[in-house]
Amino acid sequence: MSATGSILLVDDEEKLLKTLGRALRGEGHRVVESANAREAKRLLADSFDVLIVDNLMPGPTGLELIRDLVAGSPEQERPQIIMMTAHATVADAIEAMKLGALDFLQKPFEVEHLIVTVARAVEHQRLRTHHRYLLSERDEEFSHYGIVGRSRSMQEIIHRAERVAETKSTVLITGETGTGKELVARAIHDRSAQRHMPLIKVNCAAIPETLLESELFGHVRGAFTGATTNKKGRFTLANGGSIFLDEIGNLPQALQAKLLRVLQEREFEPLGAERTERVDVRVIAATNRELRQLVVDGQFQSDLFYRLNVIPVHIPPLRERREDIPVLVDHFVRKHAQRTGKPIEAVEDGVLAALQQYDWPGNARELENTIERAVVLSTGRKLAVRDISVVAPPLTQTPALPSLRLHQNLEWAERETVRRALDQSRGVKKDAAELMGISQRALSYYLAKYRIE
């Protein structure tokens with residue numbers, strides 16, 4: 001089935017306008033009709049995939065509309081343009097092509113010809129949009145979309161991911177930071193029927209609350225101060241594929257109702273838009289927080305929790321599946337030895353035993369960072385215990401409370417928690433916030449409050 005898109009159809013002949021609009025809707029497209037270029041220019045404040053415009057109309061011509069559109073918006077923000085023209089205005093159609101129009105149709109034409117041309121235009125727009133997104137993601141590395149682990153629990157997760165991939169059901173992945181929630185999401189998508197479409201990711205904790213709605217659902221030009229162009233949201237980019245909502249427990253309550261509507265109705269309005277957008281998208285959410293407790297505390301909508309928790313997948317921490325450490329170490333050694341060009345072939349006796357005694361609060365991510373550091377700093381062909389900087393004496397016992405004054409003790413607990421999280425994450429604030437179960441915004445508040453650098 002061809003991809004469907006949003007189309008602005010402009011022609012002053014009412015009968016033709018209705019006929020073409022009906023034919024395009026029959027193909028599944030969302031069509032907005034306009035009888036003149038002035039109204040079309042106003043409608044283009046919304047985001048469309050394709051603009052189909054007649055040339056000769058009362059008032060501004062179609063060519064003038066195209067000139068205004070090209071002059072007032074960057075190419076990546078414009079719809080694909082198809083001009084309809086009579087024989088006498090073929091020269092104008094050629095000029096439109098020079099301005100960037102994809103094609104032109106000479107009247108009279110068969111409706112089937114229009115349908116085929118529009119399908120090609122929608123596909124062009126989709127490829128352009130996805131290419132732009134993939135360019136922004138090209139530096140990301142996610143192993144081989146698989147999950148490394150031989151433990152029974154990880155094998156069960158792999159089998160569940162394979163079964164879930166055959167459906168389009170919503171998935172909620174839970175687990176501590178660094179356990180590999182995004183890898184599981186990518187494994188589900190990579191094995192699904194939608195694998196030829198993108199998996200669009202959003203970290204709900206990393207985007208400021210004031211920008212998150214626009215990031216998720218998009219906006220039209222003029223929707224707010226600074227919105228100088230139309231922007232497609234992540235849900236629109238994910239249409240036909242999957243969207244991965246990481247740290248869903250940090251989603252502001254104001255957006256929870258809008259996400260619930262997307263899950264229920266598969267539709268939403270971009271910020272400032274007058275029309276509703278429909279999407280066909282598989283939602284995979286993840287969190288390191290206890291959503292049930294957030295529901296009890298009134299911080300997370302119960303209806304949204306149940307909509308997300310259709311297929312739950314829980315990834316246990318590495319300390320509960322220590323039998324996975326040897327295979328993970330082997331995988332990470334080979335991966336980073338290849339990346340760095342170091343001739344490291346194995347680890348010395350005693351290294352695995354030492355690694356398996358550590359609790360790995362940062363889980364597989366912390367283990368990978370440790371192995372990468374060891375590979376970079378190692379001078380031999382095997383990793384030795386001295387290369388593994390994390391293998392150290394146990395943490396000292398927690399000191400007693402500084403006083404019996406409640407307020408002073410609470411501040412001490414906050415300050416110590418922040419310091420230990422920063423120590424554990426080696427100063428990486430994103431990881432420290434994840435360890436603490438708070439947003440990066442909240443961590444910034446505590447850093448300023450206690451003047452911690």
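The exercises below, each with a worked solution, concern a predicted model of one protein chain.

**Exercise 1. Overall description**

State how many helices and strands the protein chain has, and what share of its residues is buried.

Solution. Begin with the secondary structure: the chain comes to 18 helices and 14 strands. Next take burial: of the 453 residues, 49% count as buried. For the extent, the C-alpha atoms fill a box of roughly 85 × 55 × 35 Å along the principal axes. Finally, consider contacts with a separation of 6 or more: residues 24 or more positions apart account for 70% of them.

**Exercise 2. Helix 17 and helix 18**

Decide whether helix 17 and helix 18 are roughly parallel or roughly perpendicular.

Solution. Two packed helices are described by the angle between their axes and the distance between the axes. Helix 17 covers residues 429-436 and helix 18 covers residues 440-449; their axes are 9 Å apart, at an angle of about 100°. An angle of 65 to 115 degrees counts as roughly perpendicular, and helix 17 and helix 18 are therefore roughly perpendicular to each other. The residues making the contact come next. Helix 17 contributes Lys429, Lys430, Ala432, Ala433 and Met436, while helix 18 contributes Gln440, Leu443 and Leu447. Sorted by class, the contact has 5 nonpolar, 1 polar and 2 charged residues.

**Exercise 3. Two buried residues**

Classify Ser214 and Thr85 as buried or exposed, and list their contacts beyond four places in sequence.

Solution. Ser214 sits in helix 8, which spans residues 209-217. Its relative accessible area is 5%. Buried means under 20%, so Ser214 is buried. Outside its sequence neighbours within four places, Ser214 touches His219, Phe224, Lys231, Gly233 and Leu271.

Thr85 belongs to strand 4, residues 80-85. With a relative accessibility of 0%, Thr85 is also counted as buried. Setting aside neighbours within four places, the contacts of Thr85 are Asp54, Val90, Ala93, Phe104, Leu105, Gln106 and Lys107. As for distance, Thr85 and Val111 are 26 residues apart along the chain, and their C-alpha atoms are separated by 14 Å.

**Exercise 4. Backbone geometry in loops**

Identify the peptide bond that is cis between Lys107 and Pro108 by its omega, then compile phi, location and accessibility for Glu247 and Arg266.

Solution. The bond joining Lys107 and Pro108 is cis, with omega about -10°. Pro108 lies in the loop between strand 5 (103-106) and helix 5 (111-137).

Glu247 is not a glycine, yet has a positive phi of about 55°. The loop that holds Glu247 runs between strand 8 (242-246) and helix 10 (253-265). At 3% relative accessibility, Glu247 is buried.

Arg266, also not a glycine, has a positive phi of about 60°. Arg266 is placed in the loop between helix 10 and strand 9 (267-268). Its relative accessible area is 22%. The partly exposed range begins at 20% and ends at 50%, so Arg266 is partly exposed.

**Exercise 5. The second largest cavity**

Give the volume of the second largest cavity and the classes of its lining residues.

Solution. The search of the whole structure returns 4 cavities of 30 Å³ or more. The volume of the second largest is about 100 Å³. Its lining consists of Leu44, Asp46, Ser47, Phe48, Leu69, Ser73, Pro74, Glu77, Pro79, Arg221, Thr229 and Asn230. By class, this lining has 5 nonpolar, 4 polar and 3 charged residues.

Key: Residues are numbered from 1 along each chain as its sequence is written. This is a predicted model: local features need pLDDT of at least 70, side-chain atom pairs count only at pLDDT 80 or more; totals for chains, interfaces and linings use all residues. Side-chain values use heavy atoms; hydrogens and water are left out. Helices (H or I, at least four residues) and strands (E, at least two) are DSSP runs, numbered from the N terminus. Buried means under 20% relative accessible area, exposed over 50%, partly exposed in between (1.4 Å probe, protein chains only). Contact means heavy atoms within 4.5 Å. Axes are lines fitted to C-alpha atoms, for helices over the stretch in contact, and angles run from 0 to 180 degrees between N-to-C directions. Angles under 35 degrees count as roughly parallel, over 145 as roughly antiparallel, 65 to 115 as roughly perpendicular and the rest as oblique. Ala, Val, Leu, Ile, Met, Phe, Trp, Tyr, Cys and Pro count as nonpolar, Asp, Glu, Lys and Arg as charged, and the others, Gly among them, as polar. On a 1 Å grid over the protein atoms alone, a cavity is a set of points where a 1.4 Å probe fits but cannot get out, and a pocket is an open set with protein on both sides within 12 Å along at least five of seven lines; lining residues have an atom within 4 Å of a point. Grid points are joined across faces, edges and corners, and a volume is the space filled by probe spheres set on the points.
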